[in-house]
Amino acid sequence: MKHQAGRRRARRLAIGTVVVLALAGTNGPWLYRFGTGKYHQYLLDQPEYKAENGRWEIVDFPDEYRQNTIHAALLRTGKVLLVAGSGNNQNNFDAKKFDTRIWDPVNGTVKKVPTPTDLFCSGHTQLADGRLLIAGGTKRYEKLKGDVTKAGGLMVVHNENPDAPITLPAGTEFTGKENGKTFVSKDPVLVPRAKKVFDPVTGAFLRNDPGIGRIYVEAQRSGAEYETGTQDNYRVRGLKGAQAKNTYGIAEKLALDKKDFQGIRDSYEFDPVAEKYIKVDPMHEARWYPTLTTLSDGRVLSVSGLDDIGQLVPGKNEVYDPETKKWSYLDTVRQFPTYPALFLMQNGKVFYSGSNAGYGPHDVGRDPGVWDVATNEFTKVPGLSDPHLMETSGTVLLPPAQDEKYLVIGGGGVGESTLSSKRTRLVDLKADEPRFTAGPSLEKGTRYPQASVLPDDTVLVSGGSEDYRGRGDSNIRQVRLYDPATNEFRRVADPLVGRNYHSGSILLPDGRVMFFGSDSLFADKANTEPGKFEQRIEIYTPPYLYGGERPDLSGGPRTIPRGRSGTFTSKAAASIDKVRLIRPSASTHVTDVDQRSIALDFEVSGDQVSVTVPGNRNLVQPGWYMMFVTDEAGVPSKAQWVRVP
């Protein structure tokens, strides 16, 4: 591997040397007048260099169309949905300034879209009809210790009445029986009725298990004197008689500690044709930083997130039915850290790679494994290297998806840790006893890597930073192509922009890759200047688009059912080496569980290419796909959009 890497470096140097010698031989004096920046760009624009390394360019939107893009998804129209919400900007949140843009990479147009609520840090996934499901977002920004003026925290409300639930409105007052301090609820809370428990043998009544509601409360006034240090029972003001007896609160420490972000229940479908949000049934749980994953029956699983009081949702997962537009709880409980990387497997189970993007205890729900959602059985997958450095790592289902192999890239320590991992890990879930093995190492420890599957079966791995949110000017301006066939990285052209937290990448229908976002904590190596959100969009053109004339692809059906075939036309049919269906990305926070590249069997007759879609619904989820053909030189066509019902 080292020898091959050395040959590649030598080849790149040789290309540069040829260019320099040519300039020196024909334009001697002019070479010295040529500015360093212009000369560097001249080298990057040479055909030989681009054919080996690809090329980067920046799409700098006009000022009125710029935003802090947090989420991006490719729509079936070929346009890209760019979602900021409040864009990690407290002032935007307070002003209810929530932004969304639609960018057309073909025509170069940008359109503002009305955004109904703060979708900052929501979850999203592609639906079968081409709409995008978006769920969760931000109810409240975090408050750091020192900025909190009113003591507050979690109040657990109990209802011991087995005959009826009770709803307590926002503004309900809770007064401690021992400490005498009063706290006020910020939102309404529905507390279910108590559950009667009977002896399973005799049938005799044993007890009532109280219904439980959780609500965030704050002291009535500012000041440290309103903090509490121990658990207390709280009576609910305004209740009388049996209600007062049956309904009460219990709270632990209510203090001036840091208050985390709070989530919302709101859910929307984004219509790519009408280009607007359509409100659907809200989730049962508020979620900030959730993951949405399509299940084998076409419903969408929503997992994890911080709830409406800023605490990790305690393993209460739910599913969305696109037919009824309703959410329902799973019967079982399983907890994960926020934005867990969850992928539907070909057997209908869900693989959790261990990758995640943030909040949650360091010792709960972080082991990778295979989850049978129906039975709640979880089988751990052993062998993971740097298991304590999986936060902000990236996971990608390697092409072709039929092989069911995954690459886990980099990562860092929990929270604001300075630790990061150089490692990549591979796992083959089709093995008799799956376990992680070592992949090729990265040059630097890498948090927030962006990874996109390409039509030639390689994976583009770019960016990230060595430290939390690029701290210490640690952005990594390096890009590599990973080849699953050889298990090797190949270094290609460096990006023009460093990217870390709140960044991502999207494969476009023309075979290029779009990069968005980056939210550095600081702007300098000394960590003294506040960072500025990176609003520029960057496009990478891979080397394969400089490798010769690309094959054409036209005609054919717009819809191909699983197990069925469709015929397309290509003048380059005889040279086609592979056909791939690639599911469009929905990316945020190093999490993109939608993207997958599926190999299609095909036959060629003259200029006709007949392709067959596999029959496994778990492999080929219902929805719209980009279909690429790639020739023997590795050059892909532009994509044809195909729907699999």
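Reader: In what order do the 4 strands of the open sheet stand, and what is the sense of their pairing?

Author: In this predicted model, the order is E30-E31-E32-E33, and the pairing is antiparallel. The edge strands are E30, covering 394–397, and E33, covering 436–438, each of which pairs on one side only. From one strand to the next the twist averages 25°.

Reader: What makes E30 and strand E31 count as a pair?

Author: Two strands pair if there are at least two bridges between them. E30 and strand E31, the latter made of residues 405–409, have 4 bridges in the antiparallel sense, so they satisfy the definition of a pair. Within this pairing, Gly394 stands opposite Ile409 in E31.

Reader: Why is Thr446 called buried?

Author: A residue is buried when its relative accessible area is under 20%. Thr446 has 6% relative accessibility, and therefore it counts as buried. Thr446 lies in the loop between E33 and strand E34, and, leaving aside neighbours within four places in sequence, its contacts include Gly410, Ser420, Gly463 and Ile476.

Reader: What makes Lys316 and Glu285 a salt bridge?

Author: The definition asks for a side-chain nitrogen of Lys or Arg within 4 Å of a carboxyl oxygen of Asp or Glu. For Lys316 and Glu285 the closest N and O atoms are 3.1 Å apart, so the pair meets that cut-off. This pair links distant parts of the chain, with Lys316 in strand E24 and Glu285 in the loop between strand E21 and strand E22, 31 residues apart.

Reader: Why is Lys316 called partly exposed, and why is Glu285 called buried?

Author: Partly exposed lies between the limits of 20% and 50%. Lys316 has 34% relative accessibility and therefore counts as partly exposed, whereas Glu285, at 9%, counts as buried.

Reader: How do you know that Asp519 and Arg469 meet in a salt bridge, and why do they count as buried?

Author: The N to O distance between their side chains is 3.2 Å, so this pair too falls within the 4 Å limit. Asp519 has 6% relative accessibility and therefore counts as buried, and Arg469, at 12%, likewise counts as buried.

Reader: Over which residues does pLDDT stay under 50?

Author: It stays under 50 over residues 1–35, although the mean pLDDT of the chain is 93. Where pLDDT is low, the predicted coordinates should not be read in detail.

Terms used:
Residues numbered from 1 in each chain as written. Predicted model: local features only at pLDDT ≥ 70, side-chain atom pairs only at ≥ 80, totals over all residues. Heavy atoms only, no water. Helix = DSSP H or I, 4+ residues; strand = E, 2+ residues; numbered from the N terminus. Axes fitted to C-alpha atoms, helices over the stretch in contact; angles between N-to-C directions. pLDDT = per-residue confidence, 0-100. Contact = heavy atoms within 4.5 Å. Buried < 20%, exposed > 50% of the residue type's maximum accessible area, 1.4 Å probe, protein only.
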